[in-house]
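Please open the structure in the viewer and keep the sequence panel visible. The tour below proceeds from the whole chain to individual side chains.

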Amino acid sequence: MAILGNNLKTAFLKGMEALGKGAANLTSSAQQKLNEMNLENRRSELAKEIPVCAMKLWKDGAQLPEELAALLSEISELEEQLAAMRAKPEAPAQPEAAPAAEETTVEEAVESVGDAIEEAVDTAEEVVDAMVDDVKEAVEGFFQKDEEEAPADDDE
């Protein structure tokens, strides 16, 4: 009877140890995914700033490579044409449109982050479920091993 109690205690401790390792792995995976998402967001922010900065340098008269200067010149001409097409007598209407574009951008960003969080939660659930199954199998195997050894002890 004491052997069964010790075996049960050992099985429980091993199960808890496996859960602890699983939780640690899950935490590190989630942290890595979060860091990856932060780096991707920062990279996209910087990528969006490069054209704005290049255009500002070009307008300020900085020497840029010929290919880049030609592209910026064409972009500037296109912007002027677009501005002329979009010109409306109602000047106050345009400033109101800008915040709506920002709200859409913010909403899209929130939705994107929400999707990423849902994906991370789903991944975490899968990992935890797999770990629970592994612990169950280990505990069941441990008890089956004890049951197989028990009749041999009774014969003695």
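The stops that follow cover the overall fold, a surface patch and the salt bridges.

**Stop 1: the whole chain.** The coordinates are those of a predicted model. Display the protein chain as a cartoon: three helices and zero strands are present, and the order of elements from the N terminus is α-α-α. Colour the chain next by relative accessibility; of its 156 residues, 9% are buried. In surface representation, the accessible area of the protein chain amounts to about 12900 Å², and carbon and sulfur atoms account for 58% of that area. Contacts may be displayed as well: of those between residues at least 6 apart in sequence, 62% link residues at least 24 apart.

**Stop 2: the nonpolar patch.** Select F12, L13, M16, L19, V128 and V132. These residues make up a nonpolar patch on the surface, and their combined accessible area is about 510 Å². Which helices each supply at least two residues of this patch? They are α1, spanning 2–59, and α3, spanning 93–155. The largest contribution comes from α1, with four residues.

Centre the view on M16, a patch member located in helix α1. Its relative accessible area is 43%, a value between the limits of 20% and 50%, so M16 is classed as partly exposed.

**Stop 3: the salt bridge of E17 and K21.** How many salt bridges does a search of the whole structure find? The search returns two. For one of them, select E17 and K21, whose closest N and O atoms are 3.4 Å apart. Both residues belong to helix α1 and are separated by four residues, about one turn of the helix. Is K21 exposed or buried? With a relative accessible area of 51%, K21 is exposed, because the cut-off for that class is over 50%. E17, at 45%, is partly exposed.

**Stop 4: the salt bridge of R42 and E45.** Remain on helix α1 and select R42 and E45, which both lie in that helix, three residues apart, about one turn. Their side chains form a salt bridge with an N to O distance of 3.3 Å. Colouring by accessibility shows R42 as partly exposed, with a relative accessible area of 47%. E45 is likewise partly exposed, at 43% relative accessibility.

**Final view.** Show the patch residues and both salt bridges together on the cartoon. Helix α1 then carries four residues of the nonpolar patch, the E17 and K21 pair, and the E45 and R42 pair.

Notes: Residues numbered from 1 in each chain as written. Predicted model: local features only at pLDDT ≥ 70, side-chain atom pairs only at ≥ 80, totals over all residues. Heavy atoms only, no water. Patch = residues over 30% accessible without salt bridge, like charges linked within 9 Å, V, L, I, M, F, W, Y side chains within 5 Å. Areas by Shrake-Rupley, 256 points an atom, 1.4 Å probe, with all protein chains shown as cover. Salt bridge = Lys/Arg side-chain N within 4 Å of Asp/Glu carboxyl O. Buried < 20%, exposed > 50% of the residue type's maximum accessible area, 1.4 Å probe, protein only. Contact = heavy atoms within 4.5 Å.
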